[in-house]
Amino acid sequence: MKYVVVLGDGMADYPIPELDYKTPLAHARTPNLDFLASRGRMGMVKTVPDGMPPGSDVANLSVMGYDPTRYYTGRSPLEAIAMGVELKPGDVAFRCNLVTLSDEPEFTQKRMIDYSSDEITSAESAQLIAAVKERFDDEDIRFYPGVSYRHLMVWTNGPLEVELTPPHDISDRVIAEYLPRGKGSEVLLGLMLESNRFLPCHPVNQFRVHRGLRPATSLWFWGQGVKPALPLFAEKYGLVGSVIAAVDLTKGLGLCAGLRAVNVPGATGNITTDFRGKARAALKELDDGQDFVYIHIEAPDEAGHRGELEIKIKAIEEIDEKVIGELLSGLPKFGEYRLMVLPDHPTPLSVRTHTAEEVPFVIFDSRQHYPNKASTYDEASARSTGLRFAKGHELMDYFIKG
């Protein structure tokens, strides 16, 4: 038996007036997902425990079968692991975004224009982080370049208690009330202020402005944590597996669980990603002897954060055609298989950030068909089945053993 999970980050949403009060999932053309829904088991799952932040870190941990209330230690350590950065006891990892702030003279009165600096390229951001390292690295604080706008800072004996806000939660808002607070905040704020003084003048940013692109004008810290300790997926489920993702968060989570991280050329973490390439990479992993593959696709989440309705619909349709379609064509050669599709959390276009509501899942088993009254994969159809998991980490057991 082979097992594949396709995680469409942030696919779930609220009904939208422009779509006749349908969600993007319900509106999108998804014949392959609808096929799975008509013959599989469909329901709702709560991936974010009450009282925990509705981030992709918490939600993907849950979907992979790990109880976040037991194992969650922060987002950035997972990204550090994926980047090959060793975290020692006492090291606190921080996500460091390159963001675009507005140009008010007073730093606190600036607005969060773009949490991704127009999805700055990795090549450009590497030059900016090199400049940051030259100015700020010392025996306690170290910066590491990542992918696009997503980077890493490691602070030896840094503060865990400091209050930080994800920049994608405050698009277009004045940043004053979202700046670092509490223990260690003065150091982080100092780094942000100083970065805002020299980054706008960097040649990379000057050239971006010349091309009509948003410059990366400041550092922004969030998602701090320490290295987690997860039981190995193979020991937990008896399956040897791989993770396929463009973002370091999901790669790091997979690596912590003992999964093999697979890099796919052309995987970008947005709508330009190689959707079909991810599906083909998954089939190759199975062909090479893996039992389980976890495919993470970031594009719907990015569209949700940016408030881009058409792009979110396109991302869902690309997943349906190029990922689910490719898998349905290639999986039968392995004989028996199960395929599960779900979001990790909603990223509603109306709020442009993550929410903690339940999300729809569908499980297809090549050996059995489960006729459903609802034959479309969307939030309302999944809810109508009555199947529900109040603890998200229990869904993986149901998928593998059920």
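Start by selecting β3 (91-101) and α12 (299-306): each supplies at least two residues of the lining of the largest cavity. Of the two, look harder at α12, which gives that lining its largest share, three residues. The model on screen is a predicted one.

**The largest cavity**

Stay with the space between these residues. The largest cavity holds about 90 Å³. Its lining counts 14 residues, and those closest to the centre are R75, Y149, H168, E298 and E302. Show these five as sticks. Then colour the whole lining by class: six residues are charged, five are polar and three are nonpolar.

**H168**

Next, centre on H168, one of the residues closest to the centre of the largest cavity. Trace the backbone on either side. H168 sits in the loop that runs between β6 (150-156) and α7 (185-198). Is H168 buried or exposed? Its relative accessible area is 9%, under the 20% cut-off, so H168 counts as buried.

Now select what touches H168. Setting aside neighbours within four places in sequence, the contacts of H168 are Y115, W222, H305, R352, T353 and H354. Keep H305 highlighted for a moment: the number falls within α12 (299-306), the helix with the largest share of the cavity lining.

**The second largest cavity**

Clear the selection and move on. The second largest cavity encloses about 60 Å³. Select L61, Y71, Y72, T73, G74, L78, P228, L230 and L253; these residues line the second largest cavity. Colour them by class again. Seven are nonpolar, two are polar and none is charged. Set that beside the largest cavity, where the lining includes six charged residues.

How many cavities of 30 Å³ or more are there? The count comes to three.

**The whole chain**

Zoom out and switch to cartoon. The protein chain has 15 helices and 13 strands. Rotate the C-alpha trace along its principal axes: the spans are about 60 × 50 × 40 Å. The radius of gyration is 21 Å, which agrees with the value near 21 Å for a compact globule of 402 residues.

Switch on the surface. The accessible area of the protein chain is about 15700 Å², and carbon and sulfur atoms own 49% of that. Then colour by burial. Buried residues make up 59% of the 402 in the chain.

Finish with a contact map. Among contacts with a separation of 6 or more, 75% join residues 24 or more positions apart.

Methods: Residues are numbered from 1 along each chain as its sequence is written. This is a predicted model: local features need pLDDT of at least 70, side-chain atom pairs count only at pLDDT 80 or more; totals for chains, interfaces and linings use all residues. Side-chain values use heavy atoms; hydrogens and water are left out. On a 1 Å grid over the protein atoms alone, a cavity is a set of points where a 1.4 Å probe fits but cannot get out, and a pocket is an open set with protein on both sides within 12 Å along at least five of seven lines; lining residues have an atom within 4 Å of a point. Grid points are joined across faces, edges and corners, and a volume is the space filled by probe spheres set on the points. Helices (H or I, at least four residues) and strands (E, at least two) are DSSP runs, numbered from the N terminus. Ala, Val, Leu, Ile, Met, Phe, Trp, Tyr, Cys and Pro count as nonpolar, Asp, Glu, Lys and Arg as charged, and the others, Gly among them, as polar. The radius of gyration is taken over C-alpha atoms; the globule rule is 2.2 Å times the number of residues to the power 0.38. Buried means under 20% relative accessible area, exposed over 50%, partly exposed in between (1.4 Å probe, protein chains only). Contact means heavy atoms within 4.5 Å. Accessible areas come from the Shrake-Rupley method with a 1.4 Å probe; for residues, only the protein chains shown count as cover.
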